[in-house]
Amino acid sequence: MQAVFSLVSRERFEVTTGFHARLIDIFKAVPSSQFHPIEEVWSFDLSDHDLLLQRTDSLAPEVAVTALPSYVLATFRHQSPVELYSVNLSPVRPSLLDQL
């Protein structure tokens with residue numbers, strides 16, 4: 001069974017997987033866990049990424065976890081101190097800015 005981690009915002013990631021009772025118990029034990037029944041995915045705070053990896057190690061080889069890449073973690077864990085309002089966005093078309 002696969003468990004795939006996907007970044008969904010600057011603060012959260014989702015795990016897409018099938019049903020595995022022990023894996024679900026691990027998910028429930030993480031304080032930031034949220035289950036989204038319509039999409040049937042679990043989401044967690046990015047700060048719980050490594051904790052979740054540690055706890056799911058015991059499920060190998062039954063569950064193969066695809067974690068977030070290290071460069072993604074580094075980018076979002078160590079936010080740049082640059083204020084968004086200090087960046088000159090005037091060359092960007094207004095329609096594109098609305099999409100941000």
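The numbered points below comment on the core, the salt bridges and the surface of this structure, which is a predicted model.

1. The nonpolar core is a good place to begin. The largest nonpolar core has 17 residues, and those with the most contacts inside it are F13, V15, F27, F44 and L52. The elements that give two or more residues to this core are β1 (2-7), β2, α1 (21-29) and β4 (41-45), and the largest share, four residues, comes from α1.

2. F44 deserves a closer look, as one of the core residues with the most contacts inside the core. Not counting residues up to four places away in sequence, F44 touches E11, R12, F13, V15, F27, V30, S32, S33 and L52. Among these partners, F13, V15, F27 and L52 are themselves named with F44 as residues with the most contacts inside the core.

3. R12 is in strand β2, and R12 counts as buried because its relative accessible area is 16%, under the 20% at which the buried class ends. Leaving aside neighbours within four places in sequence, R12 is in contact with L7, S32, Q34, S43, F44, D45 and L46. With S32 there is also a polar approach, since a polar atom of the R12 side chain lies 2.9 Å from the backbone oxygen of S32.

4. How many salt bridges does a search of the whole structure find? The search finds two, and one of them is formed by the side chains of R12 and D45, with a distance of 2.5 Å from N to O. R12 lies in strand β2 and D45 in strand β4, so this pair ties together parts that are 33 residues apart in sequence. The two partners can be set side by side by their accessibility: R12 is buried at 16%, whereas D45, at 30% relative accessibility, counts as partly exposed.

5. The side chains of E62 and R22 also meet in a salt bridge, here with 3.7 Å from N to O. This pair links distant parts of the chain, with E62 in the loop between α2 (49-56) and β5 (64-66) and R22 in helix α1, 40 residues apart. E62 is partly exposed, with a relative accessible area of 44%, and R22 likewise counts as partly exposed, at 42%.

6. E14 is another residue of strand β2, which covers residues 12-17. Is E14 buried or partly exposed? E14 counts as partly exposed because its relative accessibility is 21%, and a student should note that a residue has to be under 20% to be called buried. Not counting residues up to four places away in sequence, E14 touches V4, F5, S6, V8, V41, W42 and S43. A separate comparison of sequence and space can be made with F35, which is 21 residues from E14 in sequence, while the two C-alpha atoms are 9.4 Å apart.

7. The last point concerns the surface, where L89, V92 and L96 form a nonpolar patch with about 210 Å² of accessible area together. Of these residues, L96 has its place in helix α4, which covers residues 94-99. At 42% relative accessibility, L96 counts as partly exposed, so a reader who inspects the patch should not describe L96 as buried, a word kept for residues under 20%.

Key:
Residues are numbered from 1 along each chain as its sequence is written. This is a predicted model: local features need pLDDT of at least 70, side-chain atom pairs count only at pLDDT 80 or more; totals for chains, interfaces and linings use all residues. Side-chain values use heavy atoms; hydrogens and water are left out. Patches are made of residues with over 30% relative accessible area and no salt bridge: like charges are joined within 9 Å, nonpolar side chains (Val, Leu, Ile, Met, Phe, Trp, Tyr) within 5 Å. Accessible areas come from the Shrake-Rupley method with a 1.4 Å probe; for residues, only the protein chains shown count as cover. A salt bridge is a side-chain nitrogen of Lys or Arg within 4 Å of a carboxyl oxygen of Asp or Glu. Buried means under 20% relative accessible area, exposed over 50%, partly exposed in between (1.4 Å probe, protein chains only). Contact means heavy atoms within 4.5 Å. A nonpolar core is a set of buried Ala, Val, Leu, Ile, Met, Phe, Trp, Tyr and Cys residues joined through side-chain atoms within 4.5 Å. A polar contact is a pair of N or O atoms within 3.5 Å; within protein, one must be able to donate a hydrogen and the other to accept it, and residues adjacent in sequence count only if both atoms are side-chain atoms.
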